[in-house]
Amino acid sequence: MEGVPNPNHYDKSIVLDVKPLRSLRPVFPNGNQGPPFVGVPPFGPSSSSSTGYSPFFPFGSQPPTQDTPDLNQTQYAPPPSFVPPLQSYRSPTTTASNGPSSSTGAKRGHSPQEPTLDVQVVKRFSGVFDSGISAAEREDGNVDLVSTVLMRFDAVRRRLSQVEYAKAATAKAAGSLMSNGVRTNMKKRVGTVPGIEVGDIFFSRIEMCLVGLHMQTMAGIDYITSKAAGADEEPLATSIVSAGRYDGEAQDPESLIYSGQGGNADKNKQASDQKLERGNLALERSLRKGNGVRVIRGEEDPASKTGKIYIYDGLYTISESWVEKGKSGCNTFKYRLVRVPGQPPAFGFWKAVHKWKEGLTPRRGLILPDITSGVESKPVSLVNDFDDEKGPSYFTYISTLKHTEAFRITQQHTATGCSCRGLCAPGDLNCSCIRMNGGDLPYLNGVMLVSRRPMVYECGSTCPCNASCKNKVIQTGLKFRMEVFKTANRGWGLRSWDPIRAGSFICEYAGEVKDQETLRMDQEEDEFVFDTSRVYNSFKWNYEPALVDEDPSDELPEEFNLPAPLLISAKNFGNVARFMNHSCSPNVLWQPVICEGNGEPLSTLLSLLFVTFLQWLN
């Protein structure tokens with residue numbers, strides 16, 4: 001492992017091969033990923049033993065877009081013009097009323113001595129984009145390729161949503177990736193898809209199309225002619241999406257009654273009998289052949305009244321079919337699908353969690369309903385359904401930093417806060433907080449981080465803007481219901497009951513701010529130290545400018561620019577972050593944040609990198 005000084009000491013901030021984890025399944029490192037799990041920052045250790053669960057699982061409250069056109073083709077022409085880069089917010093003459101005047105030369109994302117905005121002419125990218133994915137890899141994928149495609153798609157989607165295409169960002173991001181060859185598993189197949197596991201979660205049908213799980217962005221039934229599988233030319237069903245909108249679709253985690261397609265009334269014609277053609281015919285032929293059909297369950301996004309998530313629930317076989325009269329009085333095809341035995345549960349876990357949240361069933365192994373004792377806005381359960389241990393070693397729960405020594409952030413600009421009334425808006429050069437962030441809001445809809453930055457500047461306590469300002473995120477507390485749980489052999493870990501989208505704020509790394517000299521003598525005994533000065537292996541999480549038709553030279557740097565190093569110990573005082581465990585494949589990143597004008601030291605934002613959910617209940 002790079003960065004390990006000697007066999008008995010590990011660099012406690014190294015992050016190795018970072019991959020997206022979008023799953024209901026457990027994630028463990030394999031034997032050749034590095035040394036055994038060690039409780040280390042920035043992912044928090046266990047007091048009883050080195051844990052190592054890759055934390056938990058993302059979403060946000062960003063609603064998905066409306067139905068999108070079918071993207072099931074090799075090349076998809078992107079719109080003629082993508083979004084302008086952030087430099088479109090630049091102004092060579094505007095002077096902020098409560099801050100330094102704008103001038104040239106400051107690249108967005110840097111922390112200049114005097115906050116400035118670049119006023120260069122907007123540049124466009126017109127070169128050839130190299131996706132790094134070969135033709136063979138586009139046909140047949142693997143776990144790494146699936147992770148990479150989803151990561152790049154979400155990064156581009158966030159960027160497009162940030163600027164001007166919020167409602168169409170999902171389709172436009174997909175168009176950009178497809179036209180540039182950023183996709184995999186394009187070859188349709190019956191059965192499992194390389195790199196996709198039971199329990200994987202998706203936030204749109206377009207995501208499933210990009211990685212080959214379900215190639216139809218609108219139709220609920222996907223199929224191929226069995227000629228492709230080496231038989232006759234009759235179609236075979238490959239996958240279905242159960243959106244829960246049709247009569248008879250059950251909530252049983254082991255079986256499903258699925259309604260056929262077609263025959264629905266619209267504004268131009270009356271409802272009619274469904275026909276035994278296309279997807280309906282493919283399901284009928286799969287019933288006779290007995291092949292497995294991939295089932296994706298569509299569920300309501302808990303963070304959005306209109307949004308949906310999609311859970312891959314594994315392979316099902318069709319046991320029977322029949323025709324019955326629907327509410328419209330027309331004939332409808334019905335198919336009963338039964339889950340293939342021996343697969344790990346996925347949709348079943350989803351339903352179990354909903355029952356816990358609604359209080360319909362008790363959480364097995366519950367020790368404490370709220371380990372925070374009401375300090376957090378949402379309770380954090382303490383659970384052990386593995387053995388008789390009653391909890392981690394004692395610590396005092398706090399939700400933010402505790403200063404035991406004098407500590408001041410040395411800054412070369414005056415943090416006085418903005419003077420906005422109402423909400424801060426991107427492009428408002430009179431807002432000092434917007435200016436410090438390079439002219440835009442760092443968060444998408446006040447929910448998720450768009451891109452990693454050297455520093456994020458939030459509105460603070462002296463800013464008169466509303467509490468609902470979209471530049472106030474880390475100050476509003478936990479957004480997701482979580483639990484601290486006992487693992488089989490890695491101590492105590494942390495996971496979420498809620499889906500969490502990539503870039504969403506999880507929590508601050510709370511603890512005692514320590515002086516490095518004071519801590520030096522006992523640092524080896526303190527496994528809960530977060531050292532912001534440690535250098536970790538870099539990885540790319542931000543969008544690629546060329547994919548949104550921006551000049552590659554304008555790429556936002558992901559390296560941090562801290563005004564002063566910070567040591568945080570969560571050994572005696574801490575929050576849920578102390579249970580985030582080191583992983584060779586982490587799904588959490590940290591982002592430094594300063595709240596302007598409050599005189600407080602650096603806050604550490606933990607933001608989910610990708611998606612994973614619950615990670616197996618024992």
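**Exercise 1.** In this predicted model, determine how many bridges join strand β3 (residues 235–242) to β5 and in which direction the two strands run.

*Solution.* Begin with the pairing itself: β3 and β5 are joined by four bridges, and the two strands run parallel. Then locate one residue pair within it, for which Ile240 serves, since its bridge partner in β5 is Val295.

**Exercise 2.** Find which way β5 and strand β6 (residues 308–325) run relative to each other, and name the residue in β6 that stands opposite Glu300.

*Solution.* Between β5 and β6 there are seven bridges, and here the strands run antiparallel. Turning to the residue level, Glu300 is found opposite Lys308 of β6.

**Exercise 3.** Establish how many of the eight residues of β5 (residues 293–300) are buried.

*Solution.* The cut-off needed for this step is a relative accessible area under 20%, below which a residue is called buried. Seven of the eight residues in β5 are buried, and the strand is accordingly described as mostly covered.

**Exercise 4.** For Asn185, state the sign of phi, the loop in which the residue lies, and whether it is buried or exposed.

*Solution.* Phi of Asn185 is positive, at about 55°, although the residue is not a glycine. Asn185 belongs to the loop between α3 (169–179) and β1 (201–202). Its relative accessibility is 0%, and therefore Asn185 counts as buried.

**Exercise 5.** Carry out the analysis for Asp549, giving phi, the loop and the relative accessible area.

*Solution.* Asp549, which is a residue other than glycine, has a positive phi near 60°. Asp549 is placed in the loop between β19 (529–531) and β20 (567–569). With a relative accessible area of 21%, Asp549 is partly exposed.

Definitions and conventions. Residues are numbered from 1 along each chain as its sequence is written. This is a predicted model: local features need pLDDT of at least 70, side-chain atom pairs count only at pLDDT 80 or more; totals for chains, interfaces and linings use all residues. Side-chain values use heavy atoms; hydrogens and water are left out. Buried means under 20% relative accessible area, exposed over 50%, partly exposed in between (1.4 Å probe, protein chains only). Two strands pair if DSSP finds at least two bridges between them.
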